[in-house]
Amino acid sequence: MFFEYDITVPAQTLASAPTQTDLPLVWGIIDYVGVQIPLGVKALTFLQLWRGLYQIAPANPGGWIKGENIVVEWKEEFDLTQPPFFIAAKTYNDDDSYAHTLTVRVHVNEKAPMLWSTEMLSPQIVPIPKELM
């Protein structure tokens with residue numbers, strides 16, 4: 001399933017107090033992410049993607065996605081088979097005059113591979129057949 005979210009970041013949004021926008025998704029495996037940064041942003045607007053306390057992108061802690069007239073995109077294999085079924089975009093904007101809109105695109109594969117349950121991996125007690133005793 002494909003999702004697209006426009007995130008408008010107000011001018012003078014501080015890096016020390018970024019805005020957070022929750023991006024609702026569905027159960028599955030995130031296999032594609034794209035961030036469109038339009039002409040005019042001039043690398044003044046920044047974005048990170050998070051799941052709970054874990055920074056998904058960029059992978060380097062404290063890094064931010066930024067640019068000018070570019071689509072930053074990558075293949076992903078992020079497990080989203082446990083709730084909550086959303087990721088969060090944290091953004092800030094160093095532009096002192098203009099708000100900027102970034103577009104986040106996410107594809108979730110709902111035909112995710114079967115995950116093993118702990119019950120399937122637990123040891124089982126099997127009786128010894130009488131003829132082997």
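Is Phe78 buried or exposed? Phe78 is buried, with a relative accessible area of 14%; buried means under 20% relative accessible area, exposed over 50%, and partly exposed in between, using a 1.4 Å probe and protein chains only. Before going on, note that this is a predicted model, where local features need pLDDT of at least 70, side-chain atom pairs count only at pLDDT 80 or more, and totals for chains, interfaces and linings use all residues. Residues are numbered from 1 along each chain as its sequence is written, and side-chain values use heavy atoms, with hydrogens and water left out.

Now for Phe78's partner. Tyr54 and Phe78 form a stacked aromatic pair, 6.1 Å centre to centre with 15° between the planes. Tyr54 belongs to strand β5 and Phe78 to strand β6, so this pair ties together parts that are 24 residues apart in sequence. (Strands are DSSP runs of E, at least two residues, and helices are runs of H or I, at least four, numbered from the N terminus.) Rings of Phe, Tyr and Trp (its six-membered ring) pair if their centres lie within 6.5 Å; planes under 30 degrees apart count as stacked, over 60 as edge-to-face and the rest as tilted.

By this rule, the count comes to four aromatic pairs. Another one is Phe46 with Tyr92, also stacked, at 4.3 Å centre to centre and 5° between the planes. Since Phe46 lies in strand β4 and Tyr92 in strand β7, the pair ties together parts that are 46 residues apart in sequence. Phe46 is buried, at 9% relative accessible area, and Tyr92 is buried at 9% too. Add Trp64 to Phe46 and Tyr92 and you've got one aromatic cluster.

Let's move to the largest nonpolar core, meaning a set of buried Ala, Val, Leu, Ile, Met, Phe, Trp, Tyr and Cys residues joined through side-chain atoms within 4.5 Å. This core has 24 residues, and Leu25, Ile30, Leu47, Leu49 and Ile87 touch the most other members. Elements giving two or more residues to this core include β1 (2–9), β3 (28–37) and β8 (100–109). Pick out Leu49: leaving aside neighbours within four places in sequence, its contacts (heavy atoms within 4.5 Å) include Leu23, Val33, Tyr54, Trp74 and Ile87.

Finally, look for empty space. Ile30, Val33, Leu49, Ile56, Glu76, Phe78 and Ile87 line the largest cavity, and β3 and β6 are the elements that give two or more residues to that lining. A cavity is a set of points, on a 1 Å grid over the protein atoms alone, where a 1.4 Å probe fits but cannot get out, and lining residues have an atom within 4 Å of a point.

Definitions and conventions
1 Å grid on protein atoms, 1.4 Å probe; cavity = no way out; pocket = protein on both sides within 12 Å on 5 of 7 lines; lining within 4 Å.
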